[in-house]
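Please study the sequence and the model shown below before reading on. The paragraphs that follow lead from one helix to the parts of the protein around it.

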Amino acid sequence: MKVRLEDWTKSLEWDWVLSRQRIFATPIPVWECAKCGHAVCATEEQARRYVDPTTDAAPADRCPECGGELVGCTDVFDTWMDSSGSSLYNTYWERDPELHRRLFPMSLRPQSHDIIRTWAFYSILRSEQIKESKPWNDIMIHGFIMAPDGTPMHTSAGNVIDPLPILENYGADALRYYAATCSLGIDHAFREKDVVRGKKICIKVYNLGQFVGRYFEGLKAAPERPAELRSSDRWILSKLSQTIKNVTENFEVYQFDKAMKYIEDFIWHVFADDYVEMVKNRDDEAVRYALYTVFLDAVKMLAPFMPHIAEEIYQTRYAAFNGARSIHLTSWPEPEEVDEKAVEAGDTAARFIAAVRAWKAERKIGVGADISRLEIVGGDSAMYRMSGEDIRQGVRAKTLAIAERADLVETVTSVKPVYAKLGPAFKDRAKAIVAALGRIPAGELAAMIAEGAVTLDADGQKVKMGPEFFEVRKSLSLDGREVSTVQCGDALLVIEQ
Ligand SMILES: [Zn+2]
C-alpha cells in the first residue's frame, strides 16, 4: 500500500490538474485578466470565508499588470481538495487553537485502497503545506466487500447485497463480526456463512453468560482472588493473559481479524469447551473467582467487535459488582504473569478431555455421560497429577488413576467372515466355507489369521484364505475389566465405560 503512494507521488509533475469544470463544488478563489491572463488571488483576509469569484468582487478593480478587466474563475476544485481538509477541519484548525493543538495530528485515518492517490495523498500534501506536519499518525487501508462470486457489486449487475435483511436475520453484532474477520487491504467476497458464525458466537456468549451468572447469585461484591487456586484455574487465568497480550498487540496495529480470531478461539474453545467442562460440577471460591474474572475480561475484549451482546452480558451479570455504567466505559484488561507450568498441565488436560470426548462421540455416547474409570498410563505422570481432579471432572469419570505402566490383556471376542469378499472369490463353495468356519473356535481362527492364512476343509476340498477375508474383533482388559485405549501424546488413556 505504501508503495502505491510512493509510486504515485514520484510520478507527479509539478503542474498536475486540480481544477474541474463542474457546477457544484468549491470555487477556486482566483480572478483572471481578460486581456493578459494574469491571475489575482483572493487576499488572505477574503479567503477566511467562502469566496465565489463569479459573484464576489476581486481584491483589485483592474489587472495590476495591464489594467485589463478581471474575470472570476468559473472552474472549481477537484473534490479531493475539499476532503483533504478533513483532518484539519475536524481538529478545529483556525477555529479553536487549544483544541487543535491537542487533537492534531489525528491518530488514525481509516480508508480503502482505491483512494490512496486521492484522499490519502491530498490529505498528506495539504497538511504538509499548511502545517508542515503529517495529518495523522497511522493510516489503515482496508479492502472492499465483493459479491459472493468475487466480482465487484454493481446495481447494474444486480449483485448488490442489501445489508438490511442481513441485519434483520442475524443482528448487528453478527454483521460486525463478519466485518472484523476481513483482513486489511484485501478485497473479500461476501460470505454469509461468516455472518451465521457471528450469530452463533452471540448465542454461545449469551449461554455462557447464563452459566457463569449462576455462580454470582447472592454475591454482595465481585469475588476476590482466593489464596488457593486449582491447576485448572491458574491455567485459564494464564490462557486469558496470553489472549489479552495477543489481542492487544493486534489491536495496536489494526489487525482486527487476527484479534477477533484470538478472542473467538479463547471464548469458544479454551473457555467454553475446556475450562467450563472441567469445572461444571465445582462450586468453590476459586472457580467463582476464575469464572468471574476470565469471562468479564473476555467479554471486554469482545466489546469493540460485538458491542450489543457484550453490553447485555455486562448489564445482567457484572454491572451490579462493577462501578462502570457500561462495559464500553470499563478499562481494557491487563495481562498477568503467565504460569508456564499451569499452561502446560492445563493444555495437556484439555487434550486428554478432548480425546475422551472424541472417543465418546465415536460410540455415540453423550459428552456429559459418565464413564466408570480413566487410567492415564505413561508420560509425565507428575504433571498429570497436578490437574488430576480437573481431568476426572472434564471426562466425567467416576474414578481416575495415573500409572507408570499397565498390564493390558488382549482377547479375541469374535472373528467374522467378510461376506462381500467371500462370495465373489469362492462362488458356490462360499456356503460350505461359512459352515466350516462356524465349526472352528474364534480363538483358533484368530491364531491362524495372525500366522497368515486360514486353511480348512470345505466339502472335501482344501481351501486357503488370507486375513482379508476376516474381520477380527478384540477386546482389551485391565485387571479383568473391559477397557478401550486412546493414545494421546506420550500417554495412553485407558477408558472403562
Ligand atoms: Zn492583465
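Which residues of α13 are buried? In this predicted model, they are A342, A345, G346, T348, A349, A350, F352, I353 and V356. Helix α13 covers residues 340-362 and lies across three strands, β10 (371-377), β16 (481-488) and β17 (491-496). The helix runs at about 125° to β16. Its length can be checked by a short calculation: at 1.5 Å a residue, the 23 residues of α13 should span 33 Å, and this agrees with the end C-alpha atoms, which are 33 Å apart. Just after α13, K364 takes a positive phi of about 55°.

The strands crossed by α13 lead to the sheet. This is an open sheet of six strands with mixed pairing, in the order β11-β10-β17-β16-β15-β12. The edges are formed by β11 (397-403) and β12 (408-417); each has a single partner strand, so one side of each is left without a neighbour in the sheet. On average, and with direction ignored, neighbouring strands of this sheet are turned by 35° against each other. The pairing of β12 with β15 (residues 470-478) is antiparallel and extends over nine bridges. Within this pairing, V412 has K474 in β15 as its bridge partner.

The domain division can now be placed beside these elements. The protein is divided into domain 1 (19-77), domain 2 (80-142), domain 3 (143-338), domain 4 (340-407 + 480-496) and domain 5 (408-478). The C-alpha centres of domain 4 and domain 5 lie 35 Å apart. Where these two domains meet, ten residues of domain 4 are in contact with six residues of domain 5. On the side of domain 4 that touches domain 5, the largest share, five residues, comes from β16. The residues of that side divide into three nonpolar, three polar and four charged.

A contact of α13 leads to another helix. W235 lies in helix α9 (residues 231-252). Setting aside neighbours within four places in sequence, W235 is in contact with A342, V343, A345 and G346; among the buried residues of α13 are A342, A345 and G346. Is W235 itself buried or exposed? With 30 other C-beta atoms within 10 Å, W235 is buried, since the cut-off for a buried residue is 20 or more. W235 and A290 are 55 residues apart along the chain, and their C-alpha atoms are separated by 9.9 Å.

The loop between α9 and α10 holds Y254. Phi of Y254 is near 60°, a positive value in a residue other than glycine. With 17 other C-beta atoms within 10 Å, Y254 is partly exposed. In helix α10 (residues 256-279) is V270, which is buried, with 22 other C-beta atoms within 10 Å. V270 touches K239, D265 and Y275, not counting residues up to four places away in sequence.

Two further loops deserve attention. K427 is placed in the loop between α16 (419-426) and α17 (430-438), and its phi, near 45°, is a positive value in a residue other than glycine. K427 is exposed, with 9 other C-beta atoms within 10 Å. In the loop between α4 (97-103) and β6 (106-112) is P105. A cis peptide bond, with omega of about -5°, joins F104 and P105.

Key
Residues numbered from 1 in each chain as written. Predicted model: local features only at pLDDT ≥ 70, side-chain atom pairs only at ≥ 80, totals over all residues. Pairing = 2+ DSSP bridges. Helix = DSSP H or I, 4+ residues; strand = E, 2+ residues; numbered from the N terminus. Axes fitted to C-alpha atoms, helices over the stretch in contact; angles between N-to-C directions. Contact = placed C-beta atoms within 7 Å. Buried ≥ 20, exposed ≤ 12 C-beta atoms within 10 Å, placed from the backbone. Domains from an automatic or database assignment. Nonpolar A, V, L, I, M, F, W, Y, C, P; charged D, E, K, R; others polar. Expected span 1.5 Å × (residues − 1).
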